[in-house]
Amino acid sequence: MLRQSFHTMSPQEKSRVVGMYATILALHAIGFLVFLAYVVPSHYKGLGIGIAVTAYTLGLRHAFDADHISAIDNTTRKVMNERIGSDQPRPFAFGYFFSLGHSTIVVAIGVGLVVAVKAVFPAVSDSGSGLERFGGLFGTAVSASFLFLIGLLNLVISLGS
């Protein structure tokens, strides 16, 4: 089936698909090199390796969540219907760019966590520090505000029915 679909593509479409797969493989190679260069040497007890493998496999599973698949599928179908009869190319890359955007956010959060652990952890781990007290108060306020907002929205929906 893959071979048949690849043969039905134009040369430009084939090069786009090959380019997407090449960048996916390159990003995986870079990720594994970072893992081997930074995680493995500094975590000789295996904890970092186990966490890294777990995070990677959970990320692979997360890629096939129903909300991701439906968002990509709905967008692709909409654009396909809009492009029927036009000379615009078929939309091959919605899933590719969705995953790149999602991965970029995950990597940025990971880098932010590393910076936070290196810079903020000593101040937060001291139970008497101002930063620890502020974090506890701020976290509680954000959680309470969110729950209050959800309750308010449920009330509005209930009264509107």
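Good morning. Accessible area, the quantity I need before anything else, is calculated by the Shrake-Rupley method with a 1.4 Å probe. For this protein the accessible surface comes to about 12800 Å², and carbon and sulfur atoms hold 73% of it. Please keep in mind that we are looking at a predicted model.

Let me start with the overall architecture. The secondary structure consists of 6 helices and 0 strands, so the order of elements from the N terminus reads α-α-α-α-α-α. The radius of gyration is 23 Å, whereas the globule rule gives 15 Å for 161 residues; the protein is therefore more spread out than a compact globule. Along the principal axes, the C-alpha atoms occupy a box of roughly 65 × 60 × 20 Å. Of the 161 residues, 7% count as buried. Among contacts with a separation of 6 or more, 42% join residues that are 24 or more positions apart.

I now turn to three individual residues.

The first topic is His68, which belongs to helix α4, residues 66-83. Is His68 buried or exposed? His68 is buried, because its relative accessible area is 8% and the cut-off for buried is under 20%. Leaving aside residues up to four places away in sequence, His68 touches His62, Ala63, Phe98 and His102. With one of these, His62, there is also a polar approach: a polar atom of the His68 side chain lies 3.2 Å from the backbone oxygen of His62.

The next topic is Ser15, in helix α2, which covers residues 11-42. Its relative accessibility is 47%, so Ser15 counts as partly exposed. A polar atom of the Ser15 side chain is 2.8 Å from the backbone oxygen of Gln12. On a longer scale, Ser15 and Ala108 are 93 residues apart along the chain, and their C-alpha atoms are separated by 29 Å.

The last topic is the surface. Which residues make the nonpolar patch? Val120, Leu131, Phe134, Phe138 and Val142 form it, and the patch measures about 450 Å². Helix α6, residues 130-160, supplies the largest share, with 4 residues. Phe138 lies in that helix, α6. Why can Phe138 be part of a surface patch? Patch residues need over 30% relative accessible area, and Phe138 has 49%, so it is partly exposed and passes that cut-off.

To close, I would ask you to locate His68, which is buried, and then Phe138, which is partly exposed, in the structure above. Thank you for your attention.

How values were computed
Residues are numbered from 1 along each chain as its sequence is written. This is a predicted model: local features need pLDDT of at least 70, side-chain atom pairs count only at pLDDT 80 or more; totals for chains, interfaces and linings use all residues. Side-chain values use heavy atoms; hydrogens and water are left out. Patches are made of residues with over 30% relative accessible area and no salt bridge: like charges are joined within 9 Å, nonpolar side chains (Val, Leu, Ile, Met, Phe, Trp, Tyr) within 5 Å. A salt bridge is a side-chain nitrogen of Lys or Arg within 4 Å of a carboxyl oxygen of Asp or Glu. Helices (H or I, at least four residues) and strands (E, at least two) are DSSP runs, numbered from the N terminus. Buried means under 20% relative accessible area, exposed over 50%, partly exposed in between (1.4 Å probe, protein chains only). A polar contact is a pair of N or O atoms within 3.5 Å; within protein, one must be able to donate a hydrogen and the other to accept it, and residues adjacent in sequence count only if both atoms are side-chain atoms. Contact means heavy atoms within 4.5 Å. The radius of gyration is taken over C-alpha atoms; the globule rule is 2.2 Å times the number of residues to the power 0.38.
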